[in-house]
Amino acid sequence: MSQLKSVQEKLRLVRVLRLLKKTYTYEELSKITGLPITVLNRYVRGKVLPSAERTKELLELLLPYINIEEEVRKRIKFDEYGFFDNMPVLSDTALMSLIAEDVASRYMDKNVDKVLTAATDGIALGVHVARELNVDVVYAKKKKEVGVEKFYEVSYVPSASGSVTTLYLPQWALKKGENVLIVDDVIRSGETQRALLEMCRKAGAKPVGMFFLISVGDVIDHLKKEYSIPVESLIRLE
């Protein structure tokens with residue numbers, strides 16, 4: 001194992017421990033791992049990193065205690081009308097890092113060159129996933145940036161609004177022939193994501209997959225049929 005890979009695994013363990021610490025007490029984690037509370041506390045705080053051998057042992061021991069899908073579902077907050085807030089998921093950096101690891105493992109063989117998302121809600125997931133894939137993240141905005149001369153522009157009508165929305169992406173952000181992974185936090189009707197796919201077409205880039213934290217209804221099934229690329233979500237809400 002390279003030195004870089006070793007450090008990455010150690011930091012992964014820290015993220016796992018920090019996530020588990022939100023559910024388990026230090027006393028409970030001590031019983032699970034057999035390590036003193038003081039040692040676990042140093043790991044969680046990042047004061048000390050374990051050896052490569054101990055890191056491997058602890059990851060094998062602790063990962064079965066984490067169900068990423070369940071962790072996401074626990075954090076989604078619904079109001080009395082059925083609308084939900086996923087900010088508790090997006091703001092949990094330890095959880096988002098573990099989600100990104102899972103996404104990256106799914107698309108590692110796709111030779112992704114860029115991660116593409118829409119501002120602003122998709123940025124958190126996009127940054128985490130791009131970091132794991134070691135590529136750049138670019139995002140389309142609803143306004144033109146001052147200082148950018150040329151944009152890809154795609155207009156569409158969101159079903160919930162009845163008004164025209166236009167997304168803008170600087171032309172330098174996508175290049176012809178690049179493999180693009182499209183990500184977003186939530187997909188409901190699919191209009192925004194279709195606009196991102198159209199941007200790839202205009203740029204001559206190739207979409208190799210789409211991933212969403214949360215999908216509502218059967219929209220991802222329709223996208224799979226329309227575009228014949230992998231379309232996945234971590235959890236589906238009916």
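**Exercise 1. Val154**

Decide whether Val154 is buried or exposed in this predicted model, and place Val154 in the fold.

*Solution.*
Step 1. Take the relative accessibility of Val154, which is 7%.
Step 2. Apply the cut-off: buried means under 20%. Val154 therefore counts as buried.
Step 3. Locate the residue. Val154 belongs to strand 5, residues 151–156.
Step 4. List what Val154 touches, leaving out residues up to four places away in sequence. The contacts are Thr165, Thr166, Leu167, Ala195, Glu198, Met199 and Lys202.
Step 5. Check a separation. Ala104 is 50 residues from Val154 along the chain, and their C-alpha atoms are 27 Å apart.

**Exercise 2. Arg12 and Glu101**

Find which parts of the chain the salt bridge between Arg12 and Glu101 links, and classify the accessibility of Arg12 and of Glu101.

*Solution.*
Step 1. Confirm the pair. The closest N and O atoms of Arg12 and Glu101 are 2.8 Å apart, and the salt-bridge cut-off is within 4 Å.
Step 2. Place both ends. Arg12 sits in helix 1 (residues 3–20), and Glu101 sits in helix 7 (residues 93–107). The two are 89 residues apart, so the pair links distant parts of the chain.
Step 3. Classify Arg12. Its relative accessible area is 22%, so Arg12 is partly exposed.
Step 4. Classify Glu101. Its relative accessibility is 14%, so Glu101 counts as buried.

**Exercise 3. Asp92 and Lys22**

Explain why the salt bridge between Asp92 and Lys22 ties together separate parts of the sequence, and name the network that holds Asp92 and Lys22.

*Solution.*
Step 1. Confirm the salt bridge. The N to O distance between Asp92 and Lys22 is 2.8 Å.
Step 2. Place both ends. Asp92 is in the loop between helix 6 (87–90) and helix 7, while Lys22 is in the loop between helix 1 and helix 2 (26–33). The pair therefore ties together parts that are 70 residues apart in sequence.
Step 3. Classify each end. Asp92 counts as buried at 5% relative accessibility, whereas Lys22 counts as exposed at 54%.
Step 4. Widen the view. A network of salt bridges links Lys22, Glu71, Lys74, Arg75 and Asp92.

**Exercise 4. Arg194 and Glu226**

State where Arg194 and Glu226 lie, and classify the accessibility of Arg194 and of Glu226.

*Solution.*
Step 1. Confirm the pair. Arg194 and Glu226 form a salt bridge with an N to O distance of 2.6 Å.
Step 2. Place both ends. Arg194 is in helix 9 (residues 191–203), and Glu226 is in helix 10 (residues 219–227), 32 residues apart.
Step 3. Classify each end. Arg194 counts as partly exposed at 25% relative accessibility. Glu226 is also partly exposed, with a relative accessible area of 43%.
Step 4. Set the pair in context. The count comes to 17 salt bridges.

**Exercise 5. Domain 1 against domain 2**

Describe the contact between domain 1 and domain 2, and give the area buried between them.

*Solution.*
Step 1. Set the bounds. Domain 1 covers 3–66 and domain 2 covers 74–236.
Step 2. Take the centres over C-alpha atoms. They are separated by 31 Å.
Step 3. Count the residues in contact: 8 from domain 1 and 9 from domain 2.
Step 4. Give the area. About 640 Å² is buried between the domains, and carbon and sulfur atoms give 55% of this.
Step 5. Find the main contributors in domain 1. Arg15, Leu19 and Lys22 supply 71% of the area that domain 1 buries against domain 2, more than any other three residues.
Step 6. Count the charged pairs. There are 3 salt bridges between domain 1 and domain 2.

**Exercise 6. A surface patch**

Name the residues of the nonpolar surface patch that includes Leu49, and place Leu49.

*Solution.*
Step 1. Name the members: Val7, Leu11 and Leu49. Together they have about 220 Å² of accessible area.
Step 2. Place Leu49 in the loop between helix 3 (37–45) and helix 4 (52–62).
Step 3. Classify Leu49. Its relative accessible area is 38%, so Leu49 is partly exposed.

**Exercise 7. Backbone details**

Identify the geometry of the peptide bond from Ala119 to Thr120, then give the phi angles of Asn134 and Ser228.

*Solution.*
Step 1. Read omega. The bond from Ala119 to Thr120 is cis, with omega near 5 degrees. Thr120 is in the loop between strand 3 (114–118) and helix 8 (123–133).
Step 2. Read phi for Asn134. The angle is positive, about 60 degrees, although Asn134 is not a glycine. Asn134 lies in the loop between helix 8 and strand 4 (136–140) and counts as exposed at 71% relative accessibility.
Step 3. Read phi for Ser228. The angle is positive, about 55 degrees, and Ser228 is not a glycine. Ser228 lies in the loop between helix 10 and strand 9 (231–237) and counts as exposed at 66%.

Conventions. Residues are numbered from 1 along each chain as its sequence is written. This is a predicted model: local features need pLDDT of at least 70, side-chain atom pairs count only at pLDDT 80 or more; totals for chains, interfaces and linings use all residues. Side-chain values use heavy atoms; hydrogens and water are left out. A salt bridge is a side-chain nitrogen of Lys or Arg within 4 Å of a carboxyl oxygen of Asp or Glu. Helices (H or I, at least four residues) and strands (E, at least two) are DSSP runs, numbered from the N terminus. Buried means under 20% relative accessible area, exposed over 50%, partly exposed in between (1.4 Å probe, protein chains only). Contact means heavy atoms within 4.5 Å. Patches are made of residues with over 30% relative accessible area and no salt bridge: like charges are joined within 9 Å, nonpolar side chains (Val, Leu, Ile, Met, Phe, Trp, Tyr) within 5 Å. Accessible areas come from the Shrake-Rupley method with a 1.4 Å probe; for residues, only the protein chains shown count as cover. Domain bounds come from an automatic or database domain assignment. Buried area is the accessible area (1.4 Å probe) that two parts lose on being put together, summed over both.
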